[in-house]
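Here are some notes for a colleague who is meeting this structure for the first time. They are set out as numbered points, to be read with the structure in view.

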Amino acid sequence: MSAEMGVVPRALEESINVSMGTNWSILTNSTGHNASQPAAGDLLADRPSMSMFASMIIVLLMVMTAAYQVLTSIVKMFILTGIASIYLVLFLSTGISSDLDMYSQFYNVISLVGFLIALIIHGRQTEATNRLDFLWKLQATEEKEDMEHLEAYNRKLLANILPVHVAEHFLSSDKNFEDLYHEQCESVCIMFASIPNFSEFYVELEGNNEGVECLRLLNEIIADFDEILGEPQFSYIEKIKSTGSTYMAASGLTKATCDMKDLKHVTAMADYALRIKEQLEYVNQHSFNNFRMRIGINIGPVVAGVIGARKPQYDIWGNAVNVASRMDSTGIVDKIQVTQEMYQILSAKGYPLTCRGSIEVKGKGEMITYFLDGGKTQK
Ligand SMILES: Nc1ncnc2c1ncn2[C@@H]1O[C@H](COP(=O)(O)OP(=O)(O)OP(=O)(O)O)[C@@H](O)[C@H]1O
């Protein structure tokens, strides 16, 4: 029996070697039948692992290049094609592939080219996605900046319409203007300042553009009063509104501006009244007019709130406000009329005041009032 168990016939061995591109003589060697060629068999057995090793190195190199984010897809394409070309030239021209048959060599080349194409397509797609991501991020950043600008603009706008603390209340919480905003303020100093003879000045003629020039001057006066409020010493005061030629302001509406210890919000209001009187004199000198001012000030508790949703308006209400208005309406031009409560505070602080005496105030009866004659004098 020439073909024993475990022995590969010579013809079969050769046919396997041809079809697989390998040498099976090492196997036959193990059976002891070809023991004369062990060294040649070992060498041949190493060959497939060498071509495999080379292929793996190239694939690894290509994957590393493809994964390198900094390179553009075009540069990657050139590098990958270069690597693949060098490998193919070496693979086909040197002995690396000699252990492989034609079919395996062809399969190896096709796999590499396919892999190369896949990497190039992947590189292009990744780059396109990254570019799109970048553009979206840029757009999102621009939109965020626009929104921040818009929010800042809205804040500024709202802060011009409402006092800062009220504007912050609406902006910081989820409140809307439908909800009533109100607060109780215990010690608020209220001032009404009017220019009674403005109505004499206001005439609608062709020469003054149907009264527009008169309004222009009134606007300048009110704007001057607003600007004075911007001075640091008057930070206790909040403008409430101006109706016609009457300017209304109040101080001590917030915890920060209500100084119960030194009553600075009261003295600030007295100083402000004196200051706007001076300002009107300055306007008179420069516009050759003779506007006269009448001012009334009172102190007391008020309710502050925002009325209206579409055009919200901050205002204050209470008996103290009514009395302050009466101090103006029952006052005398060029004088600052104050109530007894104001007198007690201001005289204690060193302000010169003169008692006017008792006057009849509508709805309040007889009231003793005072005139504020000037600024604080050093005691
Ligand atoms: N928030 C306010 N803004 C402007 N003016 C006010 C405010 N609150 C009260 N007043 C004015 O105070 C004045 C006194 O108000 P009060 O309610 O005592 O009297 P009245 O009889 O209603 O007013 P009037 O004498 O004008 O008829 C009124 O002229 C009113 O216009």
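**Notes on the predicted model**

1. Alanine 273 is a convenient place to start: leaving out residues up to four places away in sequence, alanine 273 touches Met191, Ala193, Ile295, Ile297, Ile336 and Leu372. The largest nonpolar core has 43 residues, and alanine 273 is listed among those with the most contacts inside it, together with Val188, Ile190, Met191, Met269, Ile297 and Ala324. There is also a second, separate core, made of ten residues, which include Met62, Leu80, Leu112 and Leu116.

2. Please keep in mind throughout that this is a predicted model. The protein chain has an average pLDDT of 84, and 82% of its residues score at least 70, while the model as a whole scores ipTM 0.95 and pTM 0.67. Among the elements of the chain, strand 6 (residues 336-338) has the highest mean pLDDT, 98, and helix 2 (residues 25-31) has the lowest, 39. Residues 1-41 call for caution in reading, as pLDDT stays under 50 over this stretch, for which the model has 35 contacts beyond four places in sequence.

3. As for the overall make-up, the protein chain contains eleven helices and eight strands, and 23% of its 379 residues count as buried. If one takes the contacts between residues at least 6 apart in sequence, 61% of them join residues at least 24 apart.

4. Which residues does UniProt list under "transmembrane region"? The unreviewed entry gives residues 52-71, 78-96 and 102-121. In the model, residues 52-71 are 80% helix and 0% strand, with the end C-alpha atoms 28 Å apart. Residues 102-121 are 100% helix and 0% strand, and here the end C-alpha atoms lie 29 Å apart.

5. Which residues are found around the ligand? They are Met248, Asp315, Ile316, Trp317, Val321, Asn322, Ser325, Arg326, Lys362 and Gly363. Strand 5 (313-317) and helix 10 (319-329) are the elements that give two or more residues to this shell, and helix 10 supplies the largest share, with four residues. Sorted by class, the shell around the ligand has four nonpolar, three polar and three charged residues.

6. Cysteine 189 belongs to strand 1 (residues 181-194), and this residue counts as buried because 32 other C-beta atoms lie within 10 Å. Apart from its neighbours within four places in sequence, cysteine 189 is in contact with Ala250, Ser251, Gly252, His265, Val266, Met269, Ile297 and Ile299. For one of these partners, valine 266, the separation along the chain is 77 residues, whereas the C-alpha atoms of the pair are 6.0 Å apart.

7. Is methionine 342 buried or exposed? Methionine 342 counts as buried, because there are 28 C-beta neighbours inside 10 Å; its place is in helix 11 (residues 340-348). When residues up to four places away in sequence are not counted, methionine 342 touches Ile297, Asn298 and Ile299. Between methionine 342 and asparagine 298, which are 44 residues apart along the chain, the C-alpha atoms are separated by 6.1 Å.

8. Valine 164 lies in helix 6 (residues 164-172), and with 14 C-beta neighbours inside 10 Å it counts as partly exposed. The C-alpha atom of valine 164 is separated by 9.5 Å from that of glutamate 238, a residue 74 places away along the chain.

9. Two backbone angles deserve a second look in review. Most residues other than glycine have a negative phi. Leucine 263, although not a glycine, has a positive phi of about 50°; this leucine lies in the loop between strand 3 (246-251) and helix 9 (264-287), and counts as partly exposed because it has 19 C-beta neighbours inside 10 Å, where 20 or more would make it buried.

10. The other angle is at aspartate 334, again not a glycine, where phi is positive at about 70°. Aspartate 334 sits in the loop between helix 10 and strand 6, and with 13 other C-beta atoms within 10 Å this aspartate is partly exposed, since a residue counts as exposed at 12 or fewer.

Conventions:
Residues are numbered from 1 along each chain as its sequence is written. This is a predicted model: local features need pLDDT of at least 70, side-chain atom pairs count only at pLDDT 80 or more; totals for chains, interfaces and linings use all residues. A residue is near a molecule or strand if its C-beta atom, placed from the backbone, lies within 6 Å of it. Ala, Val, Leu, Ile, Met, Phe, Trp, Tyr, Cys and Pro count as nonpolar, Asp, Glu, Lys and Arg as charged, and the others, Gly among them, as polar. pLDDT is the predictor's confidence in each residue, from 0 to 100. Two residues are in contact if their C-beta atoms, placed from the backbone, lie within 7 Å. UniProt positions are given in the numbering used here, feature names are shortened, and annotations may be inferred rather than shown by experiment. A nonpolar core is a set of buried Ala, Val, Leu, Ile, Met, Phe, Trp, Tyr and Cys residues joined through C-beta atoms within 7 Å.
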